[in-house]
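Trainee: I'd like to take a close look at one part of this model with you. Can we go through the charged pairs first and then whatever lies around them?

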Amino acid sequence: MLTTIAYGLAIVLNLFIIFIGARFLLVPHASAAGYGVPAKKDGDAAYLTIKGLRDFSYGVLGLVLLAFVGAQAEAWFMLVVALAPLGDTVIVLRHGGTKAVAFGIHFATAVVVLINAALLFAI
């Protein structure tokens, strides 16, 4: 049962970050607003593309690790990749975003990723 939950959550988290990355690549300004720091209409396009590519790549790498290397590698990956939503929390707070978005989305994501890492280490 623990194995199913750990793998299932890892797959869902990786697919979700692929979705977020793809959304940043396809509709960057709407995605930035959802992120918690709206982008300027005439600027920031390169940074939005970078964020999209970063997130998309993290999701693909996570799925590849899970499929071809295993739970321990995925656990270490999740442990390290949790730094991204923790950093996103700080970015949102420092750039005028709301605490609700910073903690309710980004910090909560980091917590779920860390829980998933712990579950993967446990199997």
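Trainee: How many residues apart in helix 3 are D55 and K51, and what does that spacing come to in helical turns?

Mentor: Keep in mind that this is a predicted model. D55 and K51 both sit in helix 3, which covers residues 45-68, and they are four residues apart, so about one helical turn separates them. Their side chains meet in a salt bridge, with N to O at 2.5 Å. Neither partner is out in the open: D55 has a relative accessibility of 2%, so it counts as buried, and K51 is buried as well, since its relative accessible area is 14% and the cut-off for buried is under 20%.

Now bring in R54. This arginine also forms a salt bridge with D55, where the closest N and O atoms are 3.1 Å apart. R54 has a relative accessible area of 27%, so it is partly exposed. R54 has another salt bridge, to D88, and there the closest N and O atoms are 3.5 Å apart. That pair links distant parts of the chain, with R54 in helix 3 and D88 in helix 5 (residues 83-94), 34 residues apart. D88 is buried, at a relative accessible area of 7%. Through shared partners, the salt bridges join K51, R54, D55 and D88 into one network. The full count for the model is three salt bridges.

D55 is worth following a bit further, as this aspartate turns up again in the largest pocket. That pocket has a volume of about 550 Å³. Its lining has 26 residues, and D55 is one of those nearest the centre, along with F16, I17, I20 and T109. Six elements give two or more residues to this lining: helix 1 (2-26), helix 2 (28-35), helix 3, helix 4, helix 5 and helix 6. Helix 1 gives the most, with eight residues. Sorted by class, the lining of the largest pocket holds 16 nonpolar, five polar and five charged residues.

Then there's the second largest pocket, with a volume of about 370 Å³. It is lined by 15 residues, and those closest to its centre are Y35, V37, Y47, L48 and I91. Helix 2, helix 3 and helix 5 each give two or more residues to this lining. Here helix 3 gives the most, with five residues. By class, the second largest pocket is lined by ten nonpolar, one polar and four charged residues.

Helix 5, where D88 sits, also takes us to the surface. A nonpolar patch there has about 1,000 Å² of accessible area in total, and its members include W76, L86, L93, F107 and F121. The elements giving two or more residues to the patch are helix 4 (71-81), helix 5 and helix 6 (99-122). Helix 6 gives the most, with six residues. L93 is a handy one to click on: this leucine belongs to helix 5, and its relative accessibility is 34%, so L93 counts as partly exposed. Set that beside D88, also in helix 5 but buried at 7%.

Definitions and conventions
Residues numbered from 1 in each chain as written. Predicted model: local features only at pLDDT ≥ 70, side-chain atom pairs only at ≥ 80, totals over all residues. Heavy atoms only, no water. Salt bridge = Lys/Arg side-chain N within 4 Å of Asp/Glu carboxyl O. Buried < 20%, exposed > 50% of the residue type's maximum accessible area, 1.4 Å probe, protein only. Patch = residues over 30% accessible without salt bridge, like charges linked within 9 Å, V, L, I, M, F, W, Y side chains within 5 Å. Areas by Shrake-Rupley, 256 points an atom, 1.4 Å probe, with all protein chains shown as cover. 1 Å grid on protein atoms, 1.4 Å probe; cavity = no way out; pocket = protein on both sides within 12 Å on 5 of 7 lines; lining within 4 Å. Points joined across faces, edges and corners; volume = space filled by probe spheres on them. Nonpolar A, V, L, I, M, F, W, Y, C, P; charged D, E, K, R; others polar.
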